[in-house]
Amino acid sequence: MALVARRAAVPSARSSARPAFARAAPRRSVVVRAEAGAVNDDTFKAVVLESSVPVLVDFWAPWCGPCRIIAPVVDEIAGEYKDKLKCVKLNTDESPNVASEYGIRSIPTIMVFKGGKKCETIIGAVPKATIVQTVEKYLN
């Protein structure tokens, strides 16, 4: 009768020396519901300038870190003001004509339009309260 040596299931010193944050965590998919719609060079006039309600336009690009930070804030505002305010996002890489027409030099840039006219501009990733305060002025 032959004896078979079995290796005990003991973690090696190397694996136990790794910090907890370095261990691979299971991937979970996250579903994010975007409230703000998309607009581009072709649809900007109809969606923004001809709107019967004020419009918040978020000028952004996918490579922009601050744009990704502010995106959920814009989506929250779109959900909270959905009956009084239209919120849209314009990708400046895909729609350079509108971005150029409105002098977008830095992103994120948020503009508020009312009655087809640009009313106010906010540049940079600002707190939600700043955006809300600006939007509130044009809701009447």
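A residue counts as buried when its relative accessible area is under 20%, and as exposed when that area is over 50%. By this rule F113 is buried, because its relative accessible area is 1%. The structure described here is a predicted model, and F113 is a useful place from which to enter it.

**Aromatic cluster**

F113 belongs to one aromatic cluster together with F44 and Y102, and a search of the whole structure finds three aromatic pairs. The rings of F44 and Y102 have their centres 5.6 Å apart with 50° between their planes, so this pair is tilted. It links distant parts of the chain, since F44 sits in helix α2 while Y102 sits in the loop between α4 (96–101) and β4, 58 residues apart. F44 is buried, with a relative accessible area of 4%, and Y102 is buried as well, at 18%. Y102 also pairs with F113, in an edge-to-face arrangement with 5.2 Å from centre to centre and 90° between the planes. This second pair joins the loop between α4 and β4 to strand β4, where F113 lies 11 residues away from Y102.

**Overall fold**

The protein chain has five helices and five strands, which follow one another from the N terminus as α-β-α-β-α-β-α-β-β-α. Of the 140 residues in the chain, 35% are buried. Among the contacts between residues at least 6 apart in sequence, 68% join residues at least 24 apart. The chain exposes about 9600 Å², of which carbon and sulfur atoms supply 54%.

**Sheet and helices**

The strands form an open sheet of five, in the order β1-β3-β2-β4-β5 and with mixed pairing. Its edge strands are β1 (37–39) and β5 (117–123), each of which pairs on one side only. Neighbouring strands of the sheet are turned by 30° against each other on average, direction ignored. In general, strands of a sheet pair through backbone hydrogen bonds, either parallel or antiparallel. Strand β4 (residues 109–114) and β5 run antiparallel and are joined by six bridges, and I110 stands opposite I122 in β5.

Helix α3 (residues 65–80) packs on this sheet, where it touches β2, β3 (86–91) and β4, and its direction makes about 155° with that of β3. Helix α5 (residues 128–136) lies across β2, β4 and β5, running at about 165° to β5.

**Individual positions**

The table sets out three residues with their places and accessibilities.

| Residue | Place | Relative accessible area |
|---|---|---|
| S52 | loop between α2 (44–49) and β2 (55–60) | 78%, exposed |
| N91 | strand β3 | 8%, buried |
| N140 | segment after α5 | 80%, exposed |

N91 is buried because its relative accessibility, 8%, falls under the 20% limit. Its side chain reaches the backbone nitrogen of D93 at 2.9 Å. Leaving aside neighbours within four places in sequence, N91 is in contact with V39, W60, A61 and P62.

S52, by contrast, is exposed at 78%. The C-alpha atoms of S52 and K114 are 8.1 Å apart in space, although the two residues are 62 apart in sequence. N140 is likewise exposed, at 80%, and its C-alpha atom is separated by 9.7 Å from that of V53, with the two positions 87 residues apart along the chain.

Conventions. Residues numbered from 1 in each chain as written. Predicted model: local features only at pLDDT ≥ 70, side-chain atom pairs only at ≥ 80, totals over all residues. Heavy atoms only, no water. Helix = DSSP H or I, 4+ residues; strand = E, 2+ residues; numbered from the N terminus. Buried < 20%, exposed > 50% of the residue type's maximum accessible area, 1.4 Å probe, protein only. Pairing = 2+ DSSP bridges. Axes fitted to C-alpha atoms, helices over the stretch in contact; angles between N-to-C directions. Contact = heavy atoms within 4.5 Å. Polar contact = N/O pair within 3.5 Å; in protein donor to acceptor, adjacent residues only side chain to side chain. Areas by Shrake-Rupley, 256 points an atom, 1.4 Å probe, with all protein chains shown as cover. Phe/Tyr/Trp six-rings, centres within 6.5 Å; stacked < 30°, edge-to-face > 60°.
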